[in-house]
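Got your viewer open? Load the model below and keep a selection box handy, then follow along stop by stop.

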Amino acid sequence: GEGQLVDVSMTDGALSWLAMAAAQYLCDGRVPRRGDEQLTGGLVCYLPYEAADGWVTFGALEPKFWAAFCEGVERPDLVDAQFEKPGSETWRELAGIFRSRTREQWRQFNDRHDAMIEPVLDLDEALDSELVRSREMVIEMEQPQIGTVRLLGAPVKFGRTPARPDRPAPALGEHTDEVLLEIGYADAEIAALKESGAVAGPSADAAGSFLA
């Protein structure tokens, strides 16, 4: 029956994503180097690679995924080279292999072989992707004086109280009277404030946004 203060820091949230790297440093004191670690570009099995029409991500850190990739591209000779460094002969071989197929071909390859390969999407492709549509992360609503607008949906899904926009963005000054009345100003006082220029109500040419 009591409330509490929820203190949320952007810095704290960013640091929480460093759970593995920070834990290793706090354990052995070794400062990770950019591009040299397992998950930051230090291994040929865990890198982005250029495809024929863009880029794909390759995350075959577990041996089973790496083996599935090598078998799928008919290169069993590469199985023992999983943890070589970028710049090695294995890396050059992989670069050539990945450039030989399009992103869509690699997506289909991954569906067959489960090798942890995904296409890198541009923003327009990501927002139009099947995943984003199924998660309702791009939604439409009607904005007065503008019409139908698209915007991002809610990233947190509630089973009983779904978070969806229930009203459009307010026009500039749309709620001036409402807010002033709520905090105790009388109609005459509000009229005087408007006449003096201290506050303003909605403009006739407002485009339905505080940015108008």
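Before selecting anything, set your burial scale: buried means under 20% relative accessible area, exposed over 50%, and partly exposed in between, with a 1.4 Å probe and protein chains only. This is a predicted model, so local features need pLDDT of at least 70 and side-chain atom pairs count only at pLDDT 80 or more, while totals for chains, interfaces and linings use all residues. Residues are numbered from 1 along each chain as its sequence is written, and side-chain values use heavy atoms, with hydrogens and water left out.

**Stop 1: Arg103**

Select Arg103. Is it buried or exposed? Arg103 is buried, because its relative accessible area is 15%. You'll find Arg103 in helix 5, which covers residues 103–113; helices (H or I, at least four residues) and strands (E, at least two) are DSSP runs, numbered from the N terminus.

Now show what surrounds the side chain. A polar atom of the Arg103 side chain sits 2.9 Å from the backbone oxygen of Val120. For scale, a polar contact is a pair of N or O atoms within 3.5 Å; within protein, one must be able to donate a hydrogen and the other to accept it, and residues adjacent in sequence count only if both atoms are side-chain atoms. Contact in general means heavy atoms within 4.5 Å. Leaving aside neighbours within four places in sequence, the contacts of Arg103 include Asp53, Trp55, Pro119 and Glu125.

**Stop 2: Val44**

Jump to Val44, in the loop between helix 2 (19–28) and strand 1 (46–51). Val44 counts as buried because its relative accessible area is 0%. Draw a C-alpha to C-alpha distance to Glu84: the two are 40 residues apart in sequence and 5.8 Å apart in space. Not counting residues up to four places away in sequence, Val44 touches several others, among them Tyr49, Phe58, Trp66, Trp91 and Leu94.

**Stop 3: helix 3**

Select residues 63–72, which make up helix 3, and colour its buried residues: Phe65, Trp66, Ala68, Phe69, Cys70 and Gly72. What do they pack against? Their partners are strand 2 (54–59), helix 4 (89–99), helix 5 and strand 3 (117–119). After helix 3 comes Glu74, with a positive phi near 60°.

**Stop 4: the largest pocket**

Switch on a surface. A pocket here comes from a 1 Å grid over the protein atoms alone: it is an open set of points where a 1.4 Å probe fits, with protein on both sides within 12 Å along at least five of seven lines, and lining residues have an atom within 4 Å of a point. The largest has a volume of about 430 Å³. Of its 15 lining residues, Met20, Ala21, Glu37, Leu39 and Thr40 are the closest to the centre.

**Stop 5: Pro165**

Move to Pro165, in the loop between strand 5 (147–152) and helix 8 (176–182). Pro165 is partly exposed, because its relative accessibility is 39%. Not counting residues up to four places away in sequence, Pro165 touches Ile139, Met141 and Leu151. Stretch a C-alpha to C-alpha line to Leu94: it spans 46 Å, with the two positions 71 residues apart in sequence numbering.

**Last stop: zoom out**

Show the full cartoon: nine helices and five strands. Along its principal axes, the C-alpha trace spans about 85 × 45 × 35 Å. Of the 212 residues, 23% count as buried.

Methods: Grid points are joined across faces, edges and corners, and a volume is the space filled by probe spheres set on the points.
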